[in-house]
Structure formats: C-alpha cells, structure tokens
Amino acid sequence: MTARKTLNIALIGAGRIGSFHAESIARRIPNANLIAVADPAPGAARRLADSLGCETAHTDPAALWADPDVDAVLIATPARFHTPLAEAAAHAGKHVFCEKPMALTLAEADRVIAAARANGVQLQVGFNRRWDRAFADGRAAIDAGRIGTPQLLRSLTRDPGPWGGDPAKVPLWTIFYETLIHDFDTLLWLNPGARPVEVSAIADALVRPDARASGHIDTAVVTIRFDNGAIAVAEANFSALYGYDIRGEVFGSAGMVTMGDVRTSSLRVFDAQGVSASTFRMDTLHFPDAYTAQIQHFTDSVLQGRPHAGPGGADARAALAVALGCIASIQQNRAIRLSDIVAA
C-alpha cells in the first residue's frame with residue numbers, strides 16, 4: 001500500500017500555544033495540513049483559521065469526530081480537558097498529539113492509553129525538550145556511555161518575569177502538573193533504564209506571598225530518588241526577571257553533560273555598563289525548532305505507519321506519577337514512595 005503524502009490535522013484549542021502549533025502545521029511542516037480549528041470561545045477558532053487559510057472552524061470539538069477528512073487532532077486546551085478530548089478522539093479513530101499533561105490522575109492516563117491502544121491510533125505527548133538539540137545531544141552522550149553511570153541529575157524551569165498572572169485563576173498544583181511536569185519527563189528520560197522510587201517536595205508562594213493563604217504556589221524544589229541510586233533535583237519558579245531559563249545537567253561516574261542556556265546566542269556585549277547578553281523571553285522563542293520537530297515526527301510516524309519514538313502515553317503517565325508524588329509530599333510533609341502513588 002502506498003503511504004499517504006499529507007496528514008490532515010485538526011487543532012483543538014486556539015490559545016497562545018495552540019496558535020503556534022497551528023502555524024507550524026500550516027506553514028512549517030510540509031506533509032501536514034491544518035484542516036480544521038476548534039475552540040469553544042466565540043470567534044476564536046474562526047479568527048485563527050482565517051489567519052492561516054483554513055476553511056473549517058468549530059466551537060464544538062465533537063464536530064471533528066465524525067469528519068472523515070480529519071486524520072489526527074492536536075490538543076492544546078487547558079489541562080483539565082486533555083483526557084476527555086484525547087479519549088474521545090482515539091475512540092473516533094483519530095491519531096492524537098496531546099499537550100502536557102495528558103491527564104491529571106493515573107486513572108485518566110490509563111483511559112487515554114487504553115483508548116489509543118484499542119483503536120490502533122498513535123498517541124504522542126508534547127514534552128518538547130526531548131526535541132531540543134542540546135537536550136537530544138545530551139541524551140545521546142549518555143547513551144554512548146560518555147559520562148558513565150548517571151549519579152546526580154538536575155532540571156529547572158524558571159518562567160520569564162515579571163509574572164503578571166492572577167493567583168486566583170491559577171489551578172491548584174499547576175506548578176507540578178504543568179510546569180515541573182516537563183522537568184520530571186526530562187529527568188526520567190535522561191536516566192534511561194532507571195525507575196523513580198521516591199520523591200520529596202517543598203513549595204511556597206515566593207513570587208506572590210500575598211496569595212500564600214489561598215494555597216497558591218509559584219516556587220518549588222523536588223528531589224527524586226531512582227532505583228539505580230541516582231538522585232535528581234527539579235526546581236521551578238514563575239518569575240525570572242532575566243528571562244526564560246531552562247537548563248538540565250547530568251553528572252556521572254565518568255563525566256558530565258549540561259544542556260540549555262537562557263542566552264539567545266553566545267554573543268556578549270562589553271560596554272560602559274559592563275557585560276550583557278540578550279535572553280529568551282518566551283517558550284516559543286526558546287524552543288521553536290523543538291516545538292516543530294515533535295509535530296513533524298508525529299506526522300511522519302502516522303503517515304509511514306510506524307510507532308513514534310516518544311514521548312507517548314506511558315512516558316506521560318510516569319511523569320504524572322512523580323507530579324502526584326510531589327503533591328502528596330507537600331500535603332503530608334514527608335517523602336513519598338511512588339509505589340504508594342501507583343497503588344492508590
């Protein structure tokens with residue numbers, strides 16, 4: 001059978017990151033076609049579709065399930081909608097690319113994984129750091145044995161400030177579900193073959209201490225212990241005034257790899273004020289190639305009928321288990337065995 005040349009992808013969620021993904025599908029991925037946009041906000045889908053030359057726009061994503069021209073969906077809605085949309089899309093026979101987190105509970109994650117498996121569709125999750133050149137090269141160096149056995153790992157996410165969000169509108173535990181979830185996936189991926197067994201987390205409202213009483217959290221540090229003895233640290237903060245800071249590090253028995261840089265380039269300016277460098281201020285400026293590469297890989301995998309190289313449902317579930325362990329650690333003020341989370 002001759003492989004198809006173009007994958008028809010419908011976007012669900014016309015917000016900031018969804019709009020970037022839609023533009024990638026329409027303009028940067030030659031074998032993908034943006035066939036429809038869906039968003040319940042009045043006019044949102046239509047405006048984005050018109051800007052990209054896409055004819056079809058819906059306010060109800062369910063309209064996509066019965067459309068025979070839709071091969072796949074890319075889900076970029078708020079996190080609480082990811083599971084029902086991914087599950088419905090899979091049951092409709094549509095391949096699924098879902099932004100992180102894929103689910104908010106392990107039971108939800110299991111339902112999405114089962115739906116994709118039962119209907120024979122691809123399920124890929126948007127952990128874009130795996131597709132960044134520096135992080136991918138770091139993993140390749142680890143696989144090649146260049147740093148020996150991983151012993152200490154570190155990953156951090158510091159969002160660009162000043163943070164102007166409303167704490168009352170930030171869902172509880174967002175820092176674990178939506179921010180540090182990237183770091184959890186990265187750390188598990190950079191310690192191949194190992195399994196996280198215990199997590200401990202501390203967190204506070206340091207960016208907006210006035211919101212602490214409401215349960216708001218904008219700063220966190222997490223320690224993860226692995227079954228191969230390695231120890232990892234993940235940290236996050238909502239407001240780095242100097243830019244969007246994403247870095248990773250793996251120290252091993254024979255060396256070390258470091259990944260990521262807040263600077264936009266190696267350029268440094270020396271003048272009367274001292275030494276300065278420009279920095280990234282948005283994720284789409286820091287990771288444009290990685291964001292595009294992950295969707296390109298998804299497209300190629302579906303069109304060629306081969307399994308994708310990940311991250312998939314099982315990876316999303318593993319990172320989610322760490323996030324849930326962190327929440328339990330905060331609530332119980334102690335280290336949490338992940339076997340207890342999985343068994344709960």
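**Exercise 1. Find the residue just after α3 that takes a positive phi, then work out how enclosed the helix is.**

Step 1. Gly93, just after α3, takes a positive phi of about 80 degrees. This is a predicted model: local features need pLDDT of at least 70, side-chain atom pairs count only at pLDDT 80 or more, and totals for chains, interfaces and linings use all residues. Numbering starts from 1 along each chain as its sequence is written, and side-chain values use heavy atoms, leaving out hydrogens and water. Helices (H or I, at least four residues) and strands (E, at least two) are DSSP runs, numbered from the N terminus.

Step 2. Helix α3 spans residues 82-91. Seven of its ten residues are buried, so the helix is largely enclosed by the rest of the structure. Buried means under 20% relative accessible area, exposed over 50%, partly exposed in between (1.4 Å probe, protein chains only).

Step 3. List the buried residues of α3: His82, Thr83, Leu85, Ala86, Glu87, Ala89 and Ala90. They pack against β1 (7-12), β4 (72-75), β5 and α4. Contact means heavy atoms within 4.5 Å.

**Exercise 2. Place Met102 and decide: buried or exposed?**

Step 1. Met102 sits in the loop between β5 (95-99) and α4 (106-119).

Step 2. Met102 counts as buried because its relative accessibility is 2%.

Step 3. Check its contacts, leaving out residues up to four places away in sequence: among them are His82, Thr83, Leu123 and Gly313.

Step 4. Arg80 is 22 residues from Met102 along the chain, and their C-alpha atoms are separated by 9.1 Å.

**Exercise 3. Describe the packing of α1 and α8.**

Step 1. Helix α1 (residues 16-28) packs on helix α8 (residues 288-304) at an angle of about 65 degrees, with axes 10 Å apart. Axes are lines fitted to C-alpha atoms, for helices over the stretch in contact; angles run from 0 to 180 degrees between N-to-C directions.

Step 2. Name the partners. In α1 they include Phe20 and Arg28; in α8 they include Tyr291 and Gln294.

**Exercise 4. Why does Cys54 not bond to Cys98?**

Step 1. A search of the whole structure finds zero disulfides. A disulfide is a pair of cysteine sulfur atoms within 2.5 Å.

Step 2. The closest cysteine sulfur to that of Cys54 is in Cys98, 20 Å away, which is too far for a bond.

Step 3. Check burial. Cys54 counts as buried at 5% relative accessibility, and Cys98 counts as buried at 0%.
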